[in-house]
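Grab a pencil and work through these exercises at your own pace. Each one sets a task and then walks through a solution.

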Amino acid sequence: MTHEEKLTTLTDQVKTKAKAKVPVTFNKNSVSHFVPNPRDPRYAKEKIDLKAFNQILSIDEEKRICVAESGVTFEDLVAATLPLGLIPKTVPELKTITIGGAVSGCSVESMSFKYGGFHDSCLEYEVVTGTGEVVQCSHTEHADIFHGLHNSFGTLGILTRLTFSLIEAKPYVRMEYVTHSTVDDYWAFLKERIDARDYDFVDGIIYNPGQFITCLGTMVDEAPFVSSYQGDNIFHRSVVEKTMDYLTLPEYFFRYDRDCHWLTNTIPPLTWRPVRKMLGRHFLGSTNLIKWSRRIRHLLKLKKRPEVVVDVFIPGHKFETFYHWYERDFDFFPLWVVPYRYPKVYPFIDDRFAENISDENLIIDFAIYGKKNTHKEVDYSRLLEEKVFELNGVKTLISRNHYSRERFWQIYAKDRYQGLKAKTDPHNLFSDIYTKFHS
């Protein structure tokens, strides 16, 4: 089926649902990377089928531009571009995150200190609106829609085709792991690397209050050996044991996928080598782990509160302030640290809220994966949300959200969002962003 045929089928589906005024969600080939919520109302909604939109349509090697459908996963995208000596500017760390999902959400990674989020490398989108209209948008054509789709989580329209830039690549990555014992020294070193831009990849893992590790990667043509973390070995443990390493570039990109960072720590047997050997193909990997969480979602309802799994974006100049609070009041490790330099404050952020964010356009993604939330008197999810707001940070919406409407629209640009919503989804076929994510 050609892209145009798929598009016609999709617009017919949308027009039918819009006519019936039935709220919808989407059926895709890849798993949703929202944190599983057993009470998610999307389970009961009508579905629009997007499974066919999974093809790479063209790669222009000379111009370093790729055109692909929104359901293409980064695993498949890297497999197609790397033999040509090219890769996307930002590759999220889980294999089955899709390029459409990376735009609709907030996907960042260890190239983000140079290139921002994946959406910052995009040149043009094709979008199906809530009335079944097909809109082509870019920096110059329907620019408000183009920029508004980032972080809209599918509530403004359906991304069907994306055009984006690529960069040159080499087949291997030489890794260096630098350890500091204090947060002051760690932040000084990390900031130096961010500003110097002397590595291809920069991120970090804080293991405990005395063990701060910066992970530095350089693409190289040859490697004396290569390590693999797609089987029994666990990447995040290797950075403690080694000072350097070599990985193939795909191995590097998806180094966290096998354990979904360190979420397998919440089920200790999945970190044991014999169990990984025998059952790894059934349980390990982000796709398997997410699918299992869906299967047992009714059991998860028995929990008073799920574990805290969330990314929060903190202004760079408040790195140490946030960390000292985190160490004292939150106290959960490992903690993933990803520097993220953006071109300008994104339009989904309220102008007044944005005034206190900017610091050389640098924010830090602190990623918390698996904090138990069983304290009788403290809901750590709510506690974190309140602290992030206090520091003029932004919490991703992929997990539990506790915002009142008033607080939510202090962070997000209500007038801009609602203006776009009236233009692209006037009948609220795709739900509004507050309702979709309010816990």
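**Exercise 1.** Find out whether Cys 137 is buried or exposed, and work out why Cys 137 has no disulfide partner.

*Solution.* Start with accessibility: Cys 137 has a relative accessible area of 0%, so Cys 137 is buried. (Buried means under 20% relative accessible area, exposed over 50%, and partly exposed in between, with a 1.4 Å probe and protein chains only.) A word on the source: this is a predicted model, where local features need pLDDT of at least 70 and side-chain atom pairs count only at pLDDT 80 or more, while totals for chains, interfaces and linings use all residues. Residues are numbered from 1 along each chain as its sequence is written, and side-chain values use heavy atoms, with hydrogens and water left out.

Next, the bond. A disulfide is a covalent bond between the sulfur atoms of two cysteines. Here, it's counted as a pair of cysteine sulfur atoms within 2.5 Å. For Cys 137, the closest cysteine sulfur belongs to Cys 122, and because that is 10 Å away, it's too far for a bond. Cys 215 is in no disulfide either: its nearest cysteine sulfur, in Cys 260, is 17 Å away. Cys 215 is also buried, at 1% relative accessibility. The count of disulfides comes to zero.

**Exercise 2.** Which residues have the most contacts inside the largest nonpolar core?

*Solution.* First, the term: a nonpolar core is a set of buried Ala, Val, Leu, Ile, Met, Phe, Trp, Tyr and Cys residues joined through side-chain atoms within 4.5 Å. The largest one has 87 residues, and Tyr 125, Phe 164 and Phe 253 have the most contacts inside it. Strand β8 (residues 158-168) gives the largest share of this core, five residues. (Helices, H or I with at least four residues, and strands, E with at least two, are DSSP runs numbered from the N terminus.)

Now zoom in on Tyr 125. Leaving out residues up to four places away in sequence, its contacts (heavy atoms within 4.5 Å) include Cys 137, Phe 146, Leu 159 and Leu 162. Apart from this core lies another, of 34 residues, with Trp 325 and Tyr 326 among them.

**Exercise 3.** Where does Thr 214 lie, and is Thr 214 buried or exposed?

*Solution.* Thr 214 is in strand β11 (residues 211-220). At 0% relative accessibility, Thr 214 counts as buried. Beyond four places in sequence, Thr 214 touches residues including Glu 176, Tyr 186, Phe 189 and Asp 203.

Now set Arg 273 beside this. Arg 273 sits in helix α9 (residues 273-283) and counts as partly exposed at 43% relative accessibility. With the same sequence neighbours left out, Arg 273 touches Asp 232 and Asn 233.

**Exercise 4.** How many residues line the largest cavity, and how do they divide by class?

*Solution.* A cavity is a set of points, on a 1 Å grid over the protein atoms alone, where a 1.4 Å probe fits but cannot get out; lining residues have an atom within 4 Å of a point. The largest cavity is lined by 15 residues, including Tyr 346 and Phe 348, which are among those nearest its centre. The lining divides into 12 nonpolar, three polar and no charged residues. (Ala, Val, Leu, Ile, Met, Phe, Trp, Tyr, Cys and Pro count as nonpolar, Asp, Glu, Lys and Arg as charged, and the others, Gly among them, as polar.)

Conventions
On a 1 Å grid over the protein atoms alone, a cavity is a set of points where a 1.4 Å probe fits but cannot get out, and a pocket is an open set with protein on both sides within 12 Å along at least five of seven lines; lining residues have an atom within 4 Å of a point.
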